[in-house]
Amino acid sequence: MMKWLVVLAALVAFAECLHKMPLIKGKSARQTLKEKGLWEEYRKTHPYNPAAKFYSSGTESMTNDADLSYYGTISIGTPPQSFSVIFDTGSSNLWVPSVYCNSTACENHNQFNPSQSSTFQWGNQSLSIQYGTGSMTGFLGSDTVEVGGISVANQVFGLSQTEASFMTYMQADGILGLAFQSIASDNVVPVFNTMITEGLVSEPIFSVYLSGNSEQGSEVVFGGTDSTHYTGTITWIPLSSATYWQINMDSVTINGQTVACSGGCQAIIDTGTSLIVGPTTDINNLNSWVGASTDQSGDAIVNCQNIPSMPDVTFTLNGNAFTVPASAYVSQSSSSCTTGFGQGGTMQLWILGDVFIREYYAVFNAQTQNIGLAKSA
């Protein structure tokens with residue numbers, strides 16, 4: 001009996017090491033703009049350029065991803081001020097709107113007020129993050145940041161002073177970057193790095209589960225994995241570059257035929273991009289293989305009735321095959337069905353975004369510089 005109590009106590013202690021950050025699947029900017037009748041006009045003036053944030057020039061870029069919909073709530077300051085943020089494995093800075101911002105995007109979002117926090121300290125640097133459709137500028141400061149029950153003291157973060165107009169239509173207030181310090185604007189130490197160095201997580205890993213259509217259930221777990229979110233074993237893939245969470249992709253195939261990434265390419269596992277994005281010629285080929293036709297605004301349209309007969313697409317990563325069925329790569333709205341394969345310029349860099357991560361639970365190990373993937377439960 002005593003032995004079992006010891007085991008039970010150990011299990012309870014172990015369970016307490018996992019810090020879970022629930023994510024809400026909210027309304028995307030595209031949905032909001034469509035409801036207001038502004039979508040068609042908006043997409044012409046703000047072309048979708050998801051690769052913008054990967055043209056590294058010392059500043060870290062974001063883009064107008066109108067389909068992002070997963071947000072979590074963090075707090076900053078003493079007493080805590082709450083913000084919803086996108087947990088973005090494709091960038092490295094944390095920033096939120098501030099009371100010093102007069103852009104339209106700040107007016108309808110929560111704003112951080114430094115004068116109301118007893119633990120806030122100003123930094124001596126300005127911050128500028130380039131977007132595909134404008135930029136965010138602001139200042140650096142430091143304060144206590146609370147994420148999923150973990151309290152991170154003296155975390156440096158950005159307070160926005162101006163924000164690009166597309167942020168107005170996003171539900172999230174700001175962004176929490178989970179990539180490496182090497183690509184952080186102003187070389188700021190990212191939140192997760194601070195958690196590791198301060199010993200606030202039991203293991204230097206975090207994992208991401210994105211639920212399908214339901215609003216609830218998605219989460220980021222800091223310090224470990226949650227085995228209820230995946231089936232089978234985790235396949236580990238070494239990073240090819242510890243900047244983004246970047247890995248080698250061997251090919252993209254349909255029924256054994258290579259349809260894209262011929263001869264190999266680079267891929268990034270990116271929670272901050274909603275689609276699977278690749279070079280224009282590859283994506284056009286992939287879309288035609290699955291039977292999609294591209295409309296004048298660049299959406300790859302399919303007949304909703306064809307989904308059951310559409311082929312699986314297999315992404316081979318470092319010798320391991322990860323298959324995504326049509327039910328996962330086609331998104332259905334009230335009016336039409338579109339594929340989740342988007343064009344991202346000409347660079348040989350693929351972005352495996354939320355369409356991929358919904359199928360495969362993703363584990364990010366900062367110490368061994370590996371990504372683990374397992375079939376989502």
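Student: Is C101 buried or exposed?

Tutor: This is a predicted model, and the answer rests on a computed accessibility. Buried means under 20% relative accessible area. C101 has a relative accessibility of 6%, so C101 counts as buried.

Student: Which residue does C101 join through a disulfide?

Tutor: The structure holds three disulfides. In one of them the S to S distance is 2.0 Å, and C101 is one end. The other end is buried too, with a relative accessible area of 0%. That partner of C101 is C106.

Student: What is the handedness of the disulfide of C101 and C106?

Tutor: The handedness is read from the torsion about the S-S bond. For C101 and C106 this torsion is about 80°, so the disulfide is right-handed.

Student: What is the handedness of the disulfide of C261 and C265?

Tutor: The sulfur atoms of C261 and C265 lie 2.1 Å apart. C261 and C265 are both buried. The torsion about their S-S bond is about -110°, so this disulfide is left-handed.

Student: How many residues apart are C304 and C337, which are also joined by a disulfide?

Tutor: The disulfide of C304 and C337 has an S to S distance of 2.1 Å. It links distant parts of the chain: C304 is in the loop between strand 18 (300-302) and strand 19 (313-317), and C337 is in strand 22 (residues 337-339). In sequence they are 33 residues apart.

Student: Is C304 buried or partly exposed?

Tutor: Its partner C337 has 1% relative accessibility and so counts as buried. The buried class ends at 20% and the exposed class starts over 50%. C304 has a relative accessible area of 32%, so C304 is partly exposed.

Student: In which order do the strands of the open sheet that holds strand 22 stand?

Tutor: This sheet has four strands, and the pairing is antiparallel. Its edge strands, each pairing on one side only, are strand 17 (293-294) and strand 21 (330-332). Strand 18 and strand 22 are joined by two bridges, and V302 stands opposite C337. The order is 17-18-22-21.

Student: Why is strand 9 (residues 205-209) described as largely enclosed?

Tutor: I205, S207 and Y209 point one way from strand 9, while F206 and V208 point the other way. Residues on both sides are buried. Strand 9 is largely enclosed by the rest of the structure because the number of its five residues that are buried is five.

Student: Which residues are the bridge partners of F206 in strand 25 and strand 10?

Tutor: Strand 9 pairs with strand 25 (residues 360-365) in the antiparallel sense over four bridges. Strand 9 is also joined to strand 10 (residues 218-222) by four bridges, again antiparallel. The partner of F206 in strand 25 is F364, and in strand 10 the partner is F222.

Student: Which residues touch the most other members of the largest nonpolar core?

Tutor: The largest nonpolar core has 81 residues. Its largest share, five residues, comes from strand 13 (residues 245-254). Domain 1 (19-200) and domain 2 (227-376) each give this core at least three residues. The members with the most contacts to others are F87, F222, F315, W350 and F356.

Student: How many residues are in the other core?

Tutor: Another core lies apart from the largest one. Among its members are L127, A164, M170 and A172. The number of residues in this core is 19.

Student: Which residues does the UniProt annotation "active site" cover?

Tutor: The annotation comes from an unreviewed UniProt entry. The residues it covers span 183 residues in sequence, yet no two of their C-alpha atoms are more than 6.8 Å apart, so they gather at one spot. They are D88 and D270.

Student: With which side chain does the side chain of D88 make a polar contact of 2.6 Å?

Tutor: D88 is found in strand 3 (residues 81-88). At 0% relative accessibility, D88 counts as buried. The contact of 2.6 Å joins the side chain of D88 to that of S91.

Student: Which backbone nitrogen does the side chain of D270 reach?

Tutor: D270 is in the loop between strand 15 (265-269) and strand 16 (276-278). D270 has 0% relative accessibility and so counts as buried. At 3.1 Å, its side chain reaches the backbone nitrogen of G90.

Methods: Residues numbered from 1 in each chain as written. Predicted model: local features only at pLDDT ≥ 70, side-chain atom pairs only at ≥ 80, totals over all residues. Heavy atoms only, no water. Buried < 20%, exposed > 50% of the residue type's maximum accessible area, 1.4 Å probe, protein only. Pairing = 2+ DSSP bridges. Disulfide = S-S within 2.5 Å. Core = buried A, V, L, I, M, F, W, Y, C linked by side-chain atoms within 4.5 Å. Domains from an automatic or database assignment. UniProt positions renumbered as here; feature names shortened; annotations may be inferred. Polar contact = N/O pair within 3.5 Å; in protein donor to acceptor, adjacent residues only side chain to side chain.
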